[in-house]
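Please work through the exercises below with the sequence and the coordinates at hand, and try each task before reading its solution.

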Amino acid sequence: MSLGTAAPEEVAALEEVAALEEDERRLILDRFGNDDAWRLGGLLVGLARERDAAVTIGIRRGAQRLFHYALPGTSADNDAWIARKCRVVERYGESSFLVGARFRAKGRTFEESSRLDPDRYAAHGGAFPLRVRGTGVVGAVAVSGLRQAEDHALVVEGLERFLAEA
């Protein structure tokens with residue numbers, strides 16, 4: 001499909017996918033260890049507090065949880081969302097928002113088309129791959145509690161600040 005013949009909603013969906021792909025190309029780390037998880041997690045907690053956002057933040061490297069913090073106003077449901085979104089990152093190697101956006105751009109939903117259990121996988125915004133230069137995806141950072149685009153944007157801003165301070 002060319003953009004010239006696409007309907008406005010199709011163009012918007014393709015532009016969203018392109019913007020999310022660009023986030024993934026930009027936000028690559030030189031390394032990621034336990035102390036880095038602590039620093040990134042603290043940055044995200046600070047950003048959430050500045051916004052008075054009731055979110056839960058989780059950072060994993062492989063199967064190990066390196067950081068977890070739940071701000072007031074969150075619940076165990078947010079923990080479940082983080083787990084489901086991180087499984088999407090682990091399976092696809094891309095942000096949970098990008099995976100969902102790709103399905104939407106094709107006029108499908110992740111839940112109906114992925115053939116994955118929606119109780120275990122959620123292609124909603126908020127989980128982002130921790131990609132190390134020369135290594136690939138080593139883990140995921142996730143936020144849950146806001147609308148999916150806002151969860152994603154908070155993670156992206158946190159990673160941008162983390163990289164700027166490195």
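**Exercise 1.** How many bridges join strand E2 to strand E5, and do the two run parallel or antiparallel?

*Solution.* The model is a predicted one, and the strands to locate in it are E2, at residues 56-61, and E5, at residues 136-144. Six bridges join them, and the two strands run antiparallel. To place one position in this pairing, take arginine 61, which stands opposite glycine 139 in E5.

**Exercise 2.** Determine the order of the strands in the sheet, and identify its edges.

*Solution.* Begin with the other partner of E5, strand E4 (residues 127-132), which is joined to E5 by six bridges and runs antiparallel to it. Within this pairing, proline 129 has alanine 140 of E5 as its bridge partner. E4 and E5 make up a hairpin with three residues between them, and in the turn glycine 134 has a positive phi of about 80°. Next, turn to E2 and E3, which are antiparallel and joined by six bridges, with isoleucine 59 standing opposite phenylalanine 67 in E3. The complete order is E1-E4-E5-E2-E3, an open sheet of five strands whose pairing is mixed. The edge strands are E1 (28-29) and E3 (64-70), each of which pairs on one side only.

**Exercise 3.** Describe how H3 is placed against the sheet and against helix H4.

*Solution.* Taking the sheet first, H3 packs on it and touches E2, E3, E4 and E5, while the direction of H3 makes about 155° with that of E5. Turning to the helix pair, the axes of H3 and H4 (residues 96-105) come within 8 Å and cross at roughly 75°. Because that angle falls in the range from 65 to 115 degrees, the two helices count as roughly perpendicular to each other. The contact brings Lys85, Val88, Val89 and Tyr92 of H3 against Ser96, Val99 and Phe103 of H4. By class, the residues of this contact divide into five nonpolar, one polar and one charged.

**Exercise 4.** Is asparagine 78 buried or exposed, and which residues does it contact beyond its neighbours within four places in sequence?

*Solution.* Asparagine 78 belongs to helix H3, which spans residues 76-92. Its relative accessibility is 12%, and because buried means under 20%, asparagine 78 counts as buried. Once its neighbours within four places in sequence are set aside, asparagine 78 is in contact with Thr56, Ser144 and Gly145. As a last step, consider its side chain, a polar atom of which lies 2.9 Å from the backbone nitrogen of serine 75.

Technical notes: Residues are numbered from 1 along each chain as its sequence is written. This is a predicted model: local features need pLDDT of at least 70, side-chain atom pairs count only at pLDDT 80 or more; totals for chains, interfaces and linings use all residues. Side-chain values use heavy atoms; hydrogens and water are left out. Helices (H or I, at least four residues) and strands (E, at least two) are DSSP runs, numbered from the N terminus. Buried means under 20% relative accessible area, exposed over 50%, partly exposed in between (1.4 Å probe, protein chains only). A polar contact is a pair of N or O atoms within 3.5 Å; within protein, one must be able to donate a hydrogen and the other to accept it, and residues adjacent in sequence count only if both atoms are side-chain atoms. Contact means heavy atoms within 4.5 Å. Two strands pair if DSSP finds at least two bridges between them. Axes are lines fitted to C-alpha atoms, for helices over the stretch in contact, and angles run from 0 to 180 degrees between N-to-C directions. Angles under 35 degrees count as roughly parallel, over 145 as roughly antiparallel, 65 to 115 as roughly perpendicular and the rest as oblique. Ala, Val, Leu, Ile, Met, Phe, Trp, Tyr, Cys and Pro count as nonpolar, Asp, Glu, Lys and Arg as charged, and the others, Gly among them, as polar.
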